[in-house]
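Reader: I'd love to walk through this model with you. Could we take it one question at a time?

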Amino acid sequence: MIPNSSRKRQRQRPPPPHHHASAIVEAFPHRTISESSQKLPRTSFSFNDPSTADVILRFFIDRSPFDSSNPSDSARHSDLQIYLHSRVISRAKYFSTLLSDRWQHQANNHNAGHVSRTIANCNNMFHLNLGVHDDPTVHLTVLQLLYTYDFPTVIASASTALEILPVALELLFEDCVKACVKFLEAVPWSEEEEKRVLSLIPLLREEESKELLARVSPGEDDFCEEMLHGLIEKAMYSQPNMAFVKVFVAKLLRDFSSRESARRVLERAFDANLRIVKESLEQYSSPDFRGDHNETEAIQRLHLHTAMTNGRHLLWLVERMIELKVADSAVKQWSEQAAFTVDLQKAFRDDAWRNIVPGLPAVMLRCTCKLASAVAAGTILSSRQVRMKLVKDWLPVLISCKDNVSPMLPSHKTLYLELEETFLRIISTLPMSDAQVLLQQCLSFSTRNVEDCPHLVTAFNTWFRRASQPPQMENLD
């Protein structure tokens, strides 16, 4: 889950000195650093220079009892101390607060019974302890940045920014936080880096995290669906290498995590393309002859081209829906196209389509065959009414194509035979009264040689075998 930016907490000053994980001022009681110390872009002080330092910072390994620890690492880092300058490290609000008059007063009251005053007076220095969970290398880098402000050189990769950002947040080094966030906004992330960004977003202020969230957080609930729909539209209408783009988008649809979202997107595209094909065929089948003959002919050609183009898209969508097993709605719609199938038959009886869109009949029958085959195979479970109407409305289209499309190409012959067999299989799933009516319309599947249409022979033999059985109604009681 991406955190809600409205719940972001303001970054706080460090906890009181008695907190174990905080820096502890062991402090010189009379020396103070005013909070008015200004952040300077450059400083004349050198990092870890004992000759001019007024702060000694000692790192200690602050491990949880449940952490797996390496004793040698703990021993090596527990004695690490560096020499710093209060004017410089006060650029980080964490240190600025620790070194303020008010905080020192609280620290001194707390330390009175616990810390030797000789330590506080030693060399007129501030002594700070800072607990770290691991190797303090990143902390040292951030402390050096307090001196150099050379963010562009140090923050040169997303992984570096993600290592530095938590420490900058811990020390309230605002300029370093801004530099890390600005870098992360501008560069790509790996998947693992993105997870780390998401884990840090709750620690950022709303204005700091706005651009990071915009990259990974959708603005709307249906953001993914809109993206998928846009990709489908581009694949079908806007790409010169349409076939390659369709293959790529098909893979995206297969790999998409939400089957229901893919279903809604494909159904939306299917509805739109089917509507265009139907309207184009309707206008072609019922032309308006009131205009100029040449103009009317041009419009008719446009209607056929539009139907053909969107028919191809429709076939691709049907294939995707069947592949993802989300074609049940498409089958139902396809079975409710009585008027559309009549327009198709009118168009195929006309000779004009032969020279304009000779592949239109095959495209429409392939859509029908894909959907009908899925129903016959049980991939799509449709009601008896849907199965009956699917055959009843589209069987005349198949017969019309066989009668009017010539010469019959080998690919067409294979398509017709496959659709014949599929329709007969679906008919075998219907009540005998419905099957009786539909089988009579299938006589056109017969050939000169009876041996060449075994699918038709099998279908009629099955029907007669069932019709010859004695009634079984009494066995249902």
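Author: Gladly! Lys-251 is partly exposed, with a relative accessible area of 42%; partly exposed lies between buried (under 20% relative accessible area) and exposed (over 50%), with a 1.4 Å probe and protein chains only. This is a predicted model, in which local features need pLDDT of at least 70, side-chain atom pairs count only at pLDDT 80 or more, and totals for chains, interfaces and linings use all residues. Residues are numbered from 1 along each chain as its sequence is written, and side-chain values use heavy atoms, leaving out hydrogens and water.

Reader: Which residue forms a salt bridge with Lys-251?

Author: A salt bridge here is a side-chain nitrogen of Lys or Arg within 4 Å of a carboxyl oxygen of Asp or Glu. The partner sits 4 residues away in helix α13 (residues 242–255), so about one helical turn separates the two. That partner counts as exposed at 51% relative accessibility. With the closest N and O atoms 2.8 Å apart, it is Asp-255.

Reader: Is Arg-263 buried or exposed?

Author: Arg-263 meets Glu-260 in a salt bridge at 3.4 Å, N to O, and Glu-267 in another at 3.9 Å. Glu-260 lies 3 residues from Arg-263 in helix α14, and Glu-267 lies 4 residues from Arg-263 in that helix. An α-helix has 3.6 residues a turn, so residues three or four places apart point the same way. Glu-260 is partly exposed at 42% and Glu-267 is buried at 19%, while Arg-263, at a relative accessible area of 17%, is buried.

Reader: What does α17 reach from its first C-alpha to its last?

Author: Helices (H or I, at least four residues) are DSSP runs, numbered from the N terminus. Helix α17 covers residues 338–349, 12 residues in total. The expected span is 1.5 Å times one less than the number of residues, which gives 16 Å here, close to the modelled 17 Å.

Reader: Which helices do the buried residues of α17 pack against?

Author: Those buried residues include Phe-340, Leu-344 and Phe-348. Contact means heavy atoms within 4.5 Å. The helices they pack against are α14 (259–285), α16 (328–334), α18 (352–356), α19 (360–377) and α20 (384–404).

Reader: Where is confidence highest in the protein chain?

Author: pLDDT is the predictor's confidence in each residue, from 0 to 100, and the chain averages 82. Residues 13–40 stay under 50. Confidence is lowest in helix α5 (residues 117–121), at a mean of 32, and highest, at 97, in α16.
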